[in-house]
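Reader: I am new to this structure and would like a close look at one part of it. Please take a single residue and work outward to the strands around it.

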Amino acid sequence: MALEMVFNPSNCIFAHRNFDFKILPNPNNGIFAIATDEENMDEIITYDFQGREVKHIKNDKIGDTCIIDISNESNGIYVIKVINKKGSSTKKFIKIFRRNF
């Protein structure tokens, strides 16, 4: 099991990463997919970098892929926490607005 620095709304702490998941694409415009090859996701929580919860999905039928939409939130760094039967894992991503010229 890998040991890495992960986000905690009150501060950064060391924690075990119980499984891996992908954020596609990263960076993104606020609409992105979360995918895991391992087990179904039970809960997905999105935090802004100040630790404010901006999205919380809790559903027995999330499956191994989920589309998240936080396009109404400000640009910046966000953190996703995914919870399943193995435990939880956390990753950060960047939300940016891209203009088509």
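Author: What follows starts from one serine and moves out to its strand, the neighbouring strand and the sheet. The model is a predicted one.

Ser 89 is part of strand S9, which covers residues 87-95. Is Ser 89 buried or exposed? Its relative accessibility is 2%, and because buried means under 20%, Ser 89 counts as buried. The side chain of Ser 89 has a polar atom that lies 2.6 Å from the backbone oxygen of Phe 19. That distance falls within 3.5 Å, the cut-off for a polar contact.

The backbone pairing of this strand comes next. Ser 89 in S9 is the bridge partner of Val 82. Further along S9, Lys 92 is the bridge partner of Val 79. Strand S8, residues 76-84, and S9 run antiparallel and are joined by 9 bridges. The link between S8 and S9 is a hairpin of 2 residues. In general, the strands of a sheet pair through backbone hydrogen bonds, in either a parallel or an antiparallel way.

S8 and S9 belong to an open sheet of 4 strands, which has the order S6-S5-S8-S9 and antiparallel pairing. Which strands are at the edges of this sheet? They are S9 and strand S6 (53-58), each of which pairs on one side only. On average, neighbouring strands of the sheet are turned by 15 degrees against each other, with direction ignored.

To put the parts together: Ser 89 is a buried residue in S9, and S9 is an edge strand of the sheet.

Key:
Residues numbered from 1 in each chain as written. Predicted model: local features only at pLDDT ≥ 70, side-chain atom pairs only at ≥ 80, totals over all residues. Heavy atoms only, no water. Buried < 20%, exposed > 50% of the residue type's maximum accessible area, 1.4 Å probe, protein only. Polar contact = N/O pair within 3.5 Å; in protein donor to acceptor, adjacent residues only side chain to side chain. Pairing = 2+ DSSP bridges. Axes fitted to C-alpha atoms, helices over the stretch in contact; angles between N-to-C directions.
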